[in-house]
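Q: Hi! Could you walk me through this model? I'd like to start with contacts.

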Amino acid sequence: MFRKLAAEFGTPLYIYDAAIIRERFADLETFDVVRYAQKACSNLAILDLLRHRGAMIDAVGADEIRRALTAGYTAEKREDGVYPIVYTADIFDRDALDLCIEKNIHVNCGSIDMIDQLGARCAPGREITLRINPGFGHGHSRKTNTGGDLSKHGIWYDQLHQAMERALRYDMRIVGLHMHIGSGTDLEHLSQVAEAMVESARQVGTTLETISCGGGLPIPYRDNEERIDLLQYRALWRDAQAVLAREFRHPVRLEIEPGRYLVAESGSLVTEIRAVKTQGGNLFYLVDAGFNNLARPIMYGAYHPITILVADSPDQGAEPTAAVDAVVGGPLCESGDIFTQEEEGFVVRRRLPRAQVGDLLVIGKTGAYGSVMASNYNSKPLAAEILLDGGEVRPIRRRQTFEQMIANEIF
Ligand code: LLP
């Protein structure tokens, strides 16, 4: 199938499997609200798919709000008290502030300046959520840790009173509290958040309708990694909800805000091997995708599974089962353009089938933070994207053309 699609649409090519997204969404049905962090993969077709399953949406910039609106999400609070779109950020750029005012988008403020800027322009009685930095955080890499004093995110937990006073000054109502300590963390760290949430929620008091435990759920990138125990995680939060409901004398809704968990495993980046070379003792497979297409390895030393699809032709792909240790790199004029590397840029070899030019090399579990973090470095066009859905092949993004890439340049 991948070979057929590569022949038809060219490489590099992102392919997503809709069934996997639906399955992962179903895993989370015990949470009151699943709010998709679209930063993980914001293609409109993916937003549309998740909206039809019942997911709400998170946006971190004006254009993510526009994407949500384009995909059919609305701004108004629903009858059940849920805001379909929430803008979560630590700043408003001017465009985002204008749009949140104009469209009445619910705002999760990650700084006291955001409260001031929104307060100065909105009508009295406006409802807001506060994002709290609980003073600790954890992620799969230092770069994805969003809590603690080295993180720019959220309102520092002991400034919550200040934030509340400020909200009061503008007659704003704090209806939500949110904590997101990092991405790709683990159950142990995620568990600590529930306690911190209860403490902060008590300070805000009975106006609270919703608490959000953020995203950050890990997924098993490696074969030997286990799936997170969602039942245990849910139970922990159910206890926190029960404590608050008892004290507030009304129920408190729990939101979860995953990005990676919903889409990472659905995506594959299909590339073609264009050169095979030996440098000293190292064998290199050089493919037509680089960190312009997938930045996670160079940014975090992230591991992605790699498989090889040997080309069809009989004179190619002899001994497909023979294994070798190979380094996999891309086409960019930069030595860090290597998919098999660890944090700090250590190049490592991966046990892979023997392969040759023309074989396809598939980088797996790239549905989250893959295509969305792509760039035009070395003037490489953004890759095409395909969604496989119930036997149907749906192109969901055309490959960028040269003309589109240079369209805004003036000379
Ligand atoms: N909510 C907030 C406020 C966030 O900042 C994030 C991620 C999420 C939810 C979703 O986190 P997730 O469930 O996907 O872990 N580029 C990095 C990840 C950066 C995540 C940024 N914020 C990576 O490739 O691992």
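A: Happy to! Contact here means heavy atoms within 4.5 Å. This is a predicted model, where local features need pLDDT of at least 70, side-chain atom pairs count only at pLDDT 80 or more, and totals for chains, interfaces and linings use all residues. Residues are numbered from 1 along each chain as its sequence is written, and side-chain values use heavy atoms, with hydrogens and water left out.

Q: Great, so what is W237 in contact with, leaving aside its neighbours within four places in sequence?
A: W237 is in contact with V193, A194, M197, I211, C213 and L254.

Q: And which residues of the largest nonpolar core touch the most other members?
A: Those are Y36, I46, Y87, L130, W237 and Y285, out of 106 residues. Such a core is a set of buried (under 20% relative accessible area, 1.4 Å probe, protein chains only) Ala, Val, Leu, Ile, Met, Phe, Trp, Tyr and Cys residues joined through side-chain atoms within 4.5 Å.

Q: Which helix gives the most to this core?
A: Helix α8 (residues 187–204) does, with 9 residues. Helices are DSSP runs of H or I, at least four residues, numbered from the N terminus.

Q: New topic: is E195 buried or exposed?
A: E195, which sits in helix α8, has 59% relative accessibility and therefore counts as exposed (over 50%).

Q: How far apart are E195 and A240?
A: They are 45 residues apart in sequence, and 7.3 Å apart in space, C-alpha to C-alpha.

Note on methods:
Helix = DSSP H or I, 4+ residues; strand = E, 2+ residues; numbered from the N terminus.
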